[in-house]
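Could you walk me through this protein model, one step at a time? I would like to see how the parts fit together.

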Amino acid sequence: MKSLKKQRRIQVIFAATAALIIATGLIGYGFSDGINLYRSPTEVSENAPDPDEFFQLGGLVVEGSIVNRTGVAFDFVLTDGAVEIPVSYVGQTPRPDLFGEGQGTIAKGWYREGRFEAREILAKHDETYMPREVIDTLKATGHYKDPES
């Protein structure tokens with residue numbers, strides 16, 4: 001009788017371990033496409049990602065760089081104060097209302113042939129908002145201006 005209980009415990013431990021390993025593998029596989037890394041224009045220019053890698057590019061929209069195209073598409077340039085990256089918005093939604101020149105923004109998409117192809121644009125929520133990642137990048141390059149000063 002004791003050996004049967006011991007054998008059952010060992011089977012349960014092995015089954016639980018196998019289930020945990022499978023669950024961990026499935027979670028890792030699920031996150032592989034869901035994690036979007038943030039990069040600054042300087043990081044992209046120094047180490048260009050693969051053309052199929054989806055990531056977030058953040059910075060300030062360069063003054064005078066917004067060019068409207070047909071439909072909701074438009075082009076602009078993002079900078080972190082050191083490097084400028086041309087961006088083409090190829091998404092399906094109109095430009096955010098608070099998106100503008102000199103404003104901080106994050107674009108989600110792919111970097112291909114020297115141009116960032118954005119599928120989504122994240123703009124500020126109000127006049128004083130700027131994404132934390134963009135503030136950190138601008139501070140690192142010495143181009144951050146505190147809006148309250």
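Accessible areas come from the Shrake-Rupley method with a 1.4 Å probe. By that method, the protein chain exposes about 9,900 Å², and carbon and sulfur atoms supply 55% of this area. Please keep in mind that this is a predicted model. The chain averages a pLDDT of 84, and 85% of the residues score at least 70. Confidence is highest in β5, with a mean of 95, and lowest in α3, with a mean of 74. Where pLDDT is low, the predicted coordinates should not be read in detail.

Let's begin with the overall plan. The protein chain has three helices and seven strands. Starting at the N terminus, the order of elements is α-β-α-β-β-β-β-β-β-α. Of the chain's 149 residues, 34% count as buried. Among contacts between residues at least 6 apart in sequence, 54% join residues at least 24 apart.

Strand β4, residues 74-79, is a good place to look in detail. How many of its six residues are buried? Six of the six are, which leaves the strand mostly covered. In a regular strand the side chains alternate between the two faces of the sheet. In β4, F74, F76 and L78 point one way, while D75, V77 and T79 point the other way. Residues of both sets are buried.

Now see which strands pair with β4. Strand β3, residues 67-68, runs antiparallel to β4 and is joined to it by two bridges; here N68 stands opposite F74. The hairpin of β3 and β4 has five residues between the strands, and G71 takes a positive phi near 65 degrees in it. Strand β2 is also antiparallel to β4, again with two bridges, and L60 of the chain stands opposite T79 in β4. With β5, residues 84-89, β4 pairs in the antiparallel sense over six bridges. One partnership to find is F76 with V87 in β5. These two strands form a hairpin with four residues between them, where G81 in the turn has a positive phi of about 95 degrees.

From β5 we can step on to β7. The two pair in the parallel sense over three bridges, and the bridge partner of S88 in β7 is E117. Strand β7 is joined to β6 as well, by eight bridges, and that pair runs antiparallel. Here K108 has E120 in β7 as its bridge partner. The hairpin of β6 and β7 has two residues between the strands, and E113 takes a positive phi near 50 degrees.

Next, look inside. The largest nonpolar core has 19 residues, and those that touch the most other members are L57, F76, F99, F116 and I121. Which strands each supply at least two residues of this core? They are β2, β4, β5, β6 and β7. Strand β7 gives the most, with four residues. You have already met F76 in β4. Leaving aside residues up to four places away in sequence, F76 touches V61, S65, I66, I85, P86, V87, F99, T105 and I121.

Helix α3, residues 132-141, has two sides to compare. Its buried residues are V134, I135, T137 and L138. They cover an arc of only 165 degrees around the axis, so they lie on the same side of α3. These buried residues pack against β1, β2 and β6. On the other side of the helix, R132, K139 and A140 are exposed.

Finally, visit S40, in the loop between β1 and α2. Is S40 buried or exposed? Buried means under 20% relative accessible area. S40 counts as buried because its relative accessibility is 5%. Not counting residues up to four places away in sequence, S40 touches L57, G58, D80 and T137. Two of these names should be familiar: L57 appeared among the core residues that touch the most other members, and T137 is one of the buried residues of α3.

Terms used. Residues are numbered from 1 along each chain as its sequence is written. This is a predicted model: local features need pLDDT of at least 70, side-chain atom pairs count only at pLDDT 80 or more; totals for chains, interfaces and linings use all residues. Side-chain values use heavy atoms; hydrogens and water are left out. Buried means under 20% relative accessible area, exposed over 50%, partly exposed in between (1.4 Å probe, protein chains only). The arc is that of the directions from the helix axis to the C-beta atoms. Contact means heavy atoms within 4.5 Å. Two strands pair if DSSP finds at least two bridges between them. A nonpolar core is a set of buried Ala, Val, Leu, Ile, Met, Phe, Trp, Tyr and Cys residues joined through side-chain atoms within 4.5 Å. pLDDT is the predictor's confidence in each residue, from 0 to 100.
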